[in-house]
Amino acid sequence: MAGRIGLVLAAVSGIVFLAVTPSSQAAPSSEIIGITGLGSGANEAWVMAPGGARSIVVFLHERGDSIPQNYLSWLDNLAAQESAVVFPRYESSRSRTPQQMLRALRAAVTRAERHLASLPVSGFGGGPIEGVPVIVVGHGLGATLAFYVAANSPRWGLPAPSAVVSIFPRPGRFPGIAVPSLARTTRVLVQVGDADTTAAKNAAKNLWLGIRHHPTARKRLVIVHSGGGLRADHRAPLRLTSPAMDAFWAPLDQIIYDVRGG
């Protein structure tokens, strides 16, 4: 799908719904002023532009959550923090293996970042979104893929990401697919839930082992503990509660703030 689509937000009993309309404008309640759909199938990506952008966030979903709906409130928060968001689909009936997903991600992210580089928005010096830091964040399967996307970005002709945020990853590194070294300046945050599955915890350990040579000062492994209204199981990052937002939204916001220099 290509062309402009709009975002309609409606809160009903605490649930946020996504609706596609012919408009290029989001609802007034949203910080996203427009969404562009680029590509098709597994190569599709949604590009969400705020009124002014000081960073680009590539947001990689968990397996099976291949449209923005379940992450919509979080994406809107990122737009409120002046981040343009790229949300690649990467999954389809023809894109199931890690190799196929990575090819789809390369196509989608390359197209999306080139689109953003040519997109003038208000609030960013009146010029295009270019030369701003890129942050790759993922949840679940997307949290594993985030390392591959970040490490391969320079080889793909894209900027080396300033940060990688890996939230409750699974699986670990893909067998037979090497992860190139991250740029030594890239900041890394890996989050693991104390109530997540053993397989997910082992996946995080495997990814952490894969970046053992990355500068210690540039990486953090954080155990998210249950308590205070939060159960830190695998779906915790999708919950719209204050404890969940404190545990997952706030650290990402801080990293974005830091890599932008304020």
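Q: Which residues does Leu-182 touch, not counting those up to four places away in sequence?
A: This is a predicted model, and contact here means heavy atoms within 4.5 Å. Leu-182 belongs to the residues with the most contacts inside the largest nonpolar core. Beyond four places in sequence, Leu-182 touches Phe-147, Ala-150, Ala-151, Val-164, Val-188, Ile-211 and His-214.

Q: How many residues does the largest nonpolar core have?
A: The residues with the most contacts inside this core are Leu-60, Leu-116, Ile-129, Leu-145 and Leu-182. Elements that each supply at least two residues of the core include strand 5 (45-50), strand 6 (55-60), helix 2 (98-117) and helix 3 (141-152). The core has 46 residues.

Q: How many residues are in the second, separate core?
A: Leu-75, Ile-135, Val-137 and Ile-256 are included in this second core, which is separate from the largest one. Its size is 33 residues.

Q: What is the crossing angle of helix 1 and helix 5, and how are the two helices oriented?
A: The axes of helix 1 (residues 72-80) and helix 5 come within 11 Å and cross at roughly 30°. Angles under 35 degrees count as roughly parallel. The crossing is right-handed. At roughly 30°, helix 1 is therefore roughly parallel to helix 5.

Q: How do the residues in the contact of helix 1 with helix 5 divide into nonpolar, polar and charged?
A: Helix 1 brings Ser-73, Trp-74, Asn-77 and Leu-78 to the contact. From helix 5 come Phe-248, Trp-249, Leu-252, Asp-253 and Ile-256. The division is six nonpolar, two polar and one charged.

Q: Why is helix 1 described as largely enclosed by the rest of the structure?
A: The buried residues of helix 1 are Leu-72, Trp-74, Leu-75, Asp-76, Asn-77, Leu-78 and Ala-79. Buried means under 20% relative accessible area. Helix 1 is largely enclosed because the buried residues number seven of its nine.

Q: What is the phi of Glu-82, and is Glu-82 buried, exposed or partly exposed?
A: Glu-82 comes just after helix 1, in the loop between helix 1 and strand 7. Its phi is near 65°, a positive value in a residue other than glycine. With a relative accessibility of 29%, Glu-82 counts as partly exposed.

Q: Where is Phe-168 found, and what is its phi?
A: Phe-168 is in the loop between strand 9 and strand 10. Its relative accessible area is 1%, so Phe-168 is buried. Phe-168 is a residue other than glycine with a positive phi, near 50°.

Q: Which residues does a cis peptide bond join, and what is omega there?
A: Pro-171 lies in the loop between strand 9 (163-167) and strand 10. The cis bond joins Arg-170 and Pro-171, with omega about -5°.

Q: Which residues are in contact with Thr-144, leaving aside neighbours within four places in sequence?
A: Thr-144 has its place in helix 3. It counts as buried because its relative accessibility is 0%. Its contacts include Arg-170 and Pro-171, the two residues joined by the cis peptide bond. The full set is Pro-169, Arg-170, Pro-171, Gly-172, Phe-174 and Leu-207.

Q: Is His-61 buried or exposed, and which residues does His-61 touch?
A: His-61 is found in the loop between strand 6 and helix 1, and its relative accessible area of 0% makes it buried. His-61 and Phe-87 are 26 residues apart in sequence, with a C-alpha to C-alpha distance of 7.8 Å. Not counting residues up to four places away, His-61 touches Ser-66, Tyr-71, Phe-87, Pro-88, Arg-89, Tyr-90, Glu-91, His-139, Leu-141 and Gly-142.

Q: What separates the C-alpha atoms of Gly-261 and Pro-133 in space?
A: Gly-261 is in the segment after helix 5 (242-260), and its 68% relative accessibility makes it count as exposed. Gly-261 and Pro-133 are 128 residues apart along the chain. Their C-alpha atoms are separated by 10.0 Å.

Q: What share of the contacts with a separation of 6 or more comes from residues 24 or more positions apart?
A: The protein has five helices and eleven strands. Of its 262 residues, 52% are buried. Residues 24 or more positions apart account for 70% of the contacts with a separation of 6 or more.

How values were computed
Residues are numbered from 1 along each chain as its sequence is written. This is a predicted model: local features need pLDDT of at least 70, side-chain atom pairs count only at pLDDT 80 or more; totals for chains, interfaces and linings use all residues. Side-chain values use heavy atoms; hydrogens and water are left out. Helices (H or I, at least four residues) and strands (E, at least two) are DSSP runs, numbered from the N terminus. Buried means under 20% relative accessible area, exposed over 50%, partly exposed in between (1.4 Å probe, protein chains only). A nonpolar core is a set of buried Ala, Val, Leu, Ile, Met, Phe, Trp, Tyr and Cys residues joined through side-chain atoms within 4.5 Å. Axes are lines fitted to C-alpha atoms, for helices over the stretch in contact, and angles run from 0 to 180 degrees between N-to-C directions. Angles under 35 degrees count as roughly parallel, over 145 as roughly antiparallel, 65 to 115 as roughly perpendicular and the rest as oblique. A crossing is left-handed if the near helix is turned anticlockwise from the far one by less than a right angle, and right-handed if clockwise. Ala, Val, Leu, Ile, Met, Phe, Trp, Tyr, Cys and Pro count as nonpolar, Asp, Glu, Lys and Arg as charged, and the others, Gly among them, as polar.
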